[in-house]
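Please open the structure in your viewer and keep the selection panel at hand. Each stop below names what to select and then describes what is there.

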Amino acid sequence: MLGKHLIPLFLLTVVVSFLLSSCSSFDKKRSEFGEIKHLKSEMVDLREIISPDFMTLKGNCLVISSSKSNPTVFVYSTPSLEFMSNFGTKGGGPGEIKLFPMFCESPGSANLYVWGYSPITIKKISISESGEVEYNEDITLKGYEAFNNMAIIRDSIFVFYLPDNLTVKKYDLVNKNESSIILPNDNHRESYFYSNRGYIATSGSTLVYSYLFKRQIDIYDLSTLKLKTRISDGEKYPKPAPGDFSSLIYHYIGLYAGEKYFYALYDGEDRKTVLKPSAFLEVYDYDGNPIIKYSFDILPYLFVVDEDNGKIYGFNNEYEDNLLRYDLK
């Protein structure tokens, strides 16, 4: 006789089938590359005294924010990396940077979007081919959050990441509605050591999430926030021990979304045994197919990819007087 809490067999089959279909409703791919190309850096002298925090590409310009400088935003031509102009004076007056400048990526847009003039505004800026800056309008947000990895899509969708909450938010600036991806956190309060901590980047239609403490990349449809593809090596990684920086092994340490491909900087080395980091740049299409892997003579911890000119522009603070340029062709 069946117990009153026992699930009938046909219902159990339905439940299991549903769970299996939910778990397998996205493509699973492996991070395997057949080709590795070595890139040699070309150093470009920096005459300006800057300490780059963020980089972005806009039109024929490389734009760099440097919170330790004043002004705080610097514009360079591409691919020559010649200085063109600067803007963003620090201060509390009208039109001055009250905090520090961070860029919102804006795929397909000619405009530059800069957060930092106030906690709840993003300034929309146009940059001419000669590097001249024109302030267009302010986008007012509903409130302040700890914004990271921001993007403005088609002037109407604001995407950002809250690493301490493991939450990706998508906010409709026109209709004022919000949706989110919330990743599971670990059962402790030291959020830096959450095993699912990572970075996001968006192409405009696709959102990519790379993981800091394991070799995994998730690809989402930006319109629905549904997981489409997971790239993984299939390994099980131990969860970081809270407070123990000495045992951390960092996996994906940088992420950039281009028009054609996305670029993930992979480390995965034990700092206790490796004296000089030698990370690789993994290139994927937006279906998660591996394209090529690059190695470097000098690692660009901060980088952007100029797909039109076939270049990578980067910065490594051990070479603080130089920008780095790499030829992909």
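The tour passes through two sheets, a group of aromatic rings, a cavity and a pocket. Please keep in mind that the model is predicted.

**First stop: a four-stranded sheet**

Select strands β12, β13, β14 and β15. They form an open sheet in the order β12-β13-β14-β15, and the pairing is antiparallel. Which strands stand at the edges? They are β12 (148-153) and β15; each has a single partner strand, so one side of each is left without a neighbour in the sheet. On average, neighbouring strands of this sheet are turned by 15 degrees against each other, with direction ignored.

Now restrict the selection to β14 (residues 167-172) and β15 (residues 178-182), which pair in the antiparallel sense over 5 bridges. Two of the partnerships can be followed by residue: V168 has I181 in β15 as its bridge partner, and K169 has S180. The two strands form a hairpin with 5 residues between them. In the turn, select K176, whose phi is positive, at about 65 degrees.

**Second stop: aromatic rings**

How many aromatic pairs does a search of the whole structure find? The search finds 25. Begin with Y144 and F147: their ring centres are 5.6 Å apart and their planes stand at 80 degrees, so the pair is edge-to-face. An angle over 60 degrees is the cut-off for that label. F147 has a relative accessibility of 5% and therefore counts as buried, the limit being under 20%. Extend the selection to F100, W115, Y144, F147, F158 and F160, which ring pairs link into a cluster.

Next, select F262 and Y284. This aromatic pair is stacked, with 5.2 Å from centre to centre and 20 degrees between the planes. F262 lies in strand β21 (residues 262-266) and Y284 in strand β22 (residues 280-284), so the pair ties together parts that are 22 residues apart in sequence. Are these two residues buried or exposed? Both F262 and Y284 are buried.

**Third stop: a cavity**

A search of the whole structure finds 1 cavity of 30 Å³ or more. The largest cavity has a volume of about 50 Å³. To display its lining, select L141, K142, G143, E145, F147, F158, F160, Y171 and E178. By type, this lining divides into 5 nonpolar, 1 polar and 3 charged residues. F147, F158 and F160 also belong to the ring cluster of the previous stop.

**Fourth stop: a five-stranded sheet**

Select β1, β19, β18, β17 and β16. These 5 strands form an open sheet in the order β1-β19-β18-β17-β16, with mixed pairing. At the edges stand β1 and β16 (198-202); each has a single partner strand, so one side of each is left without a neighbour in the sheet. Neighbouring strands here are turned by 20 degrees against each other on average, direction ignored.

Within this sheet, β17 (residues 206-211) and β18 (residues 216-221) pair in the antiparallel sense over 5 bridges. Select T206 to find D221 of β18 standing opposite.

**Last stop: a pocket**

The second largest pocket has a volume of about 510 Å³. Of the 24 residues that line it, K214, Q216, R230, E235 and K236 are the closest to its centre. Two strands of the preceding sheet return here: β1 (27-29) and β19 (226-232) each supply at least two residues of the lining. The lining comprises 8 nonpolar, 6 polar and 10 charged residues.

Technical notes: Residues are numbered from 1 along each chain as its sequence is written. This is a predicted model: local features need pLDDT of at least 70, side-chain atom pairs count only at pLDDT 80 or more; totals for chains, interfaces and linings use all residues. Side-chain values use heavy atoms; hydrogens and water are left out. Two strands pair if DSSP finds at least two bridges between them. Axes are lines fitted to C-alpha atoms, for helices over the stretch in contact, and angles run from 0 to 180 degrees between N-to-C directions. On a 1 Å grid over the protein atoms alone, a cavity is a set of points where a 1.4 Å probe fits but cannot get out, and a pocket is an open set with protein on both sides within 12 Å along at least five of seven lines; lining residues have an atom within 4 Å of a point. Grid points are joined across faces, edges and corners, and a volume is the space filled by probe spheres set on the points. Ala, Val, Leu, Ile, Met, Phe, Trp, Tyr, Cys and Pro count as nonpolar, Asp, Glu, Lys and Arg as charged, and the others, Gly among them, as polar. Rings of Phe, Tyr and Trp (its six-membered ring) pair if their centres lie within 6.5 Å; planes under 30 degrees apart count as stacked, over 60 as edge-to-face and the rest as tilted. Buried means under 20% relative accessible area, exposed over 50%, partly exposed in between (1.4 Å probe, protein chains only).
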